[in-house]
Amino acid sequence: MAKIVVYYVLLSFFYSFQLSNAASTTHNVIKFGAKPDGKTDATQPFLKAWSAACRSATPSTIYVPKGRYLLKAIVFGGPCKNKITVLIGGTLVAPPDYRALGNSGYWILFIKVNRVSVFGGTLDAKGAGFWACRKSRQNCPVGARSITFNWANDILISGLTSINSQSAHLVINSCKKVVVRNVRTIAPDQSPNTDGIHVQGSNGVSITGSTLQTGDDCISIGPGTRNMLMSGIKCGPGHGISIGSLGKEFNEDGVENIMVTNSVFSGSDNGVRIKSWARPSKGFVRKVVYQNLIMKNVQNPIIVDQNYCPDNKGCPRQTSGVKISQVTYKNIQGTSATAEAVTFDCSPSNPCRRIRLQDIRLAYNNKAATSSCKNVRGTSAGVLMPESCV
């Protein structure tokens with residue numbers, strides 16, 4: 001795991017070096033016809049600026065000055081000839097009618113691009129209308145993720161704020177070498193499926209110094225994610241940092257080499273969670289470290305749930321095939337909002353193995369909390385409150 005940390009330090013240095021040593025051509029979206037009034041459709045001017053930058057043989061910067069820019073669903077596609085920096089000084093706003101983004105599942109999409117950096121700015125997806133549609137059980141669109149990176153490599157996202165996404169705020173899918181730092185995601189705690197950051201099928205992702213306040217997972221980690229570091233995260237409200245849900249499909253890639261460190265959870269439904277469907281699967285979770293974490297009034301500070309089966313559909317009377325092993329919980333302290341602060345509800349057919357608890361201090365109402373263990377094998381050391389059942 002130490003190798004992973006060193007890797008991310010070098011990766012961050014690489015991005016800083018790369019950005020400070022490259023002269024670039026600047027493309028101001030206003031010169032392409034964008035108006036910063038929040039009412040005039042700026043989609044085509046943004047696409048024209050992107051096209052100019054993408055075909056440039058030298059590094060380019062797309063500059064978005066202060067103001068509000070109305071964008072419909074937009075795709076920034078590659079491959080491009082050189083690296084591109086997107087510098088946002090203003091706010092990008094979605095159309096006021098949530099149906100305008102359609103059923104594509106995205107609002108702002110970067111696809112098949114390399115060496116793209118996004119700095120600053122605010123995304124305002126105006127998700128409240130969509131949430132109301134969902135709540136009323138009407139015939140709603142699928143919901144749009146605010147900003148998505150698909151099949152992208154060497155990506156930097158820094159200083160971005162995303163508010164009121166219809167669905168997930170930031171999605172990283174099938175990417176390599178992605179640095180996310182100093183990002184904020186904000187949505188009401190009852191807004192459905194508004195994950196702060198969702199990562200899947202990606203290798204070498206780091207998320208640092210970010211504040212994630214959402215109606216779903218602060219960070220969700222899907223199948224096929226490897227070598228991921230999360231540090232300096234402020235999570236809550238939300239559903240915590242979750243690996244999963246996994247195991248919905250039988251042939252599913254595993255999750256490996258994950259670290260969550262030096263982070264604070266405040267009033268979230270969960271702290272650190274691993275969740276899998278109760279159905280057969282070839283998936284796995286292994287080599288995970290949770291360390292130096294503070295819980296403040298968190299409902300489930302430490303939880304493994306391998307019996308996920310919403311509405312008892314698709315998995316009744318089955319057990320999870322996802323194999324969970326080599327998971328370490330170290331120096332986790334604070335308060336639980338429920339009496340049971342540590343829960344291991346592992347699969348009876350594939351018990352959790354090589355689980356390690358060390359220096360856990362979690363209280364409930366100024367007393368020691370409790371723990372619960374099913375189908376788990378491992379070791380414990382140091383001060384343990386609640387008492388270990390592993």
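In the predicted model, the largest pocket encloses about 770 Å³ of space. Its lining comprises 32 residues, and those closest to the pocket centre are N193, D195, D216, D217 and S220. Two or more lining residues are contributed by each of α3 (128-135), β17 (197-200), β23 (241-246) and β25 (270-277), with β25 giving the most, namely four residues. When the lining of this pocket is divided by class, 14 residues are polar, eleven are charged and seven are nonpolar.

The residue H239 is covered by the annotation "active site" in UniProt, where the entry is unreviewed. H239 is placed in the loop between β22 (234-235) and β23, and β23 is itself one of the elements that supply two or more residues to the lining of the largest pocket. With a relative accessible area of 22%, H239 is classed as partly exposed, because buried residues are those under 20% and exposed residues those over 50%. Once neighbours within four places in sequence are set aside, the contacts of H239 are G215, D216, D217, C218, D269, N270 and R273. Of these contacts, D216 and D217 are also listed among the residues closest to the centre of the largest pocket, while N270 and R273 fall within the range of β25, 270-277.

The helix α3, another contributor to the pocket lining, carries the buried residues F130, W131 and C133. Viewed down the axis of α3, the buried residues fall within an arc of 155 degrees, and they therefore line one face of the helix. After α3 comes R137, for which phi is positive, near 60 degrees.

Contacts with β25 also appear in the surroundings of I303, a residue of strand β27 (residues 300-308). I303 has a relative accessibility of 12% and so counts as buried, the limit being 20%. Excluding neighbours within four places in sequence, I303 is in contact with N270, V272, R273, I274 and T343. N270 and R273 therefore recur here, since both are in contact with I303 and both are in contact with H239 as defined by heavy atoms within 4.5 Å. Between I303 and C140, which are separated by 163 residues in sequence, the C-alpha to C-alpha distance is 33 Å.

Enclosed space was examined as well, and four cavities of 30 Å³ or more are present in the structure. The largest cavity holds about 120 Å³ and is lined by 13 residues, among which F76, V86, I88, L92 and F110 lie nearest its centre. At least two residues of this lining come from each of α2 (43-54), β3 (60-64), β6 (84-88) and β8 (106-111). The composition of the cavity lining is 13 nonpolar residues, with no polar and no charged residues, whereas the lining of the largest pocket includes 14 polar and eleven charged residues.

A further buried position is provided by L160, which lies in the loop between β12 (153-158) and β13 (161-163) and has a relative accessible area of 3%. Apart from neighbours within four places in sequence, L160 is in contact with G120, G121, L123, I147, N182, V183 and R184. L160 and Y63 stand 97 residues apart in sequence, and their C-alpha atoms are 14 Å apart in space.

Technical notes. Residues numbered from 1 in each chain as written. Predicted model: local features only at pLDDT ≥ 70, side-chain atom pairs only at ≥ 80, totals over all residues. Heavy atoms only, no water. 1 Å grid on protein atoms, 1.4 Å probe; cavity = no way out; pocket = protein on both sides within 12 Å on 5 of 7 lines; lining within 4 Å. Points joined across faces, edges and corners; volume = space filled by probe spheres on them. Nonpolar A, V, L, I, M, F, W, Y, C, P; charged D, E, K, R; others polar. Buried < 20%, exposed > 50% of the residue type's maximum accessible area, 1.4 Å probe, protein only. Arc of directions from axis to C-beta. UniProt positions renumbered as here; feature names shortened; annotations may be inferred.
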